[in-house]
Amino acid sequence: MWIAAAILSAIFAGITAILSKCGIRNTNSDVATAVRTSVVLVLAWLIVFCRKEQKFVREIPKKELGFLILSGIATGASWLCYYYAIQQGQVSVVVPIDRLSILITVLFSVFVLKEKLSAKSWVGLSLLTAGTVCMAVFT
């Protein structure tokens, strides 16, 4: 099931880039990010309340809450930078550069979370990174 969710995430992320570019042609990128974030916030809480999961908010351990807050700050910073970048540049160039987050995420997962990668995974990550750089440079 998680693979289907990951594929849907990629599809929605791709659609998001195009819709965002269309939505910020004549709009300040910071304001656009705030509007988008507000929609995400309302939708996320709507899902929580529809599933009657709001009671779990009180059960979040303080340390995990701290990490969730830091994650939210990182997400906000990412979105602000992303919206500015797609407003100023071509989506077809910005998105591959943005997807270098895959490399950063995997490296953090290895060095911070101590996850193990096979030799084939390292090769795949290298190819993915090289392909991403080529897309950004040669577009």
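Buried means under 20% relative accessible area, exposed means over 50%, and partly exposed lies in between, using a 1.4 Å probe and protein chains only. This is a predicted model, where local features need pLDDT of at least 70, side-chain atom pairs count only at pLDDT 80 or more, and totals for chains, interfaces and linings use all residues. Residues are numbered from 1 along each chain as its sequence is written, and side-chain values use heavy atoms, with hydrogens and water left out.

**Exercise 1.** Work out how much of the chain is buried.

Solution. Start with the length, 139 residues. Of these, 16% count as buried. Now look at the outside: the accessible surface (Shrake-Rupley, 1.4 Å probe) is about 10500 Å², and carbon and sulfur atoms hold 73% of that.

**Exercise 2.** Describe the fold in terms of its helices and strands.

Solution. Take DSSP runs, with helices (H or I) of at least four residues and strands (E) of at least two. You get six helices and zero strands, so the order from the N terminus is α-α-α-α-α-α. The C-alpha trace spans about 50 × 45 × 25 Å along its principal axes.

**Exercise 3.** Find the largest nonpolar core and follow one of its residues, Val 95.

Solution. A nonpolar core is a set of buried Ala, Val, Leu, Ile, Met, Phe, Trp, Tyr and Cys residues joined through side-chain atoms within 4.5 Å. The largest has nine residues, including Ala 17, Ile 24, Tyr 82 and Val 95. The elements giving two or more residues to this core are α3 (62-88) and α4 (91-98). Next, skip neighbours within four places in sequence: Val 95 is in contact (heavy atoms within 4.5 Å) with Ala 17 and Tyr 82.
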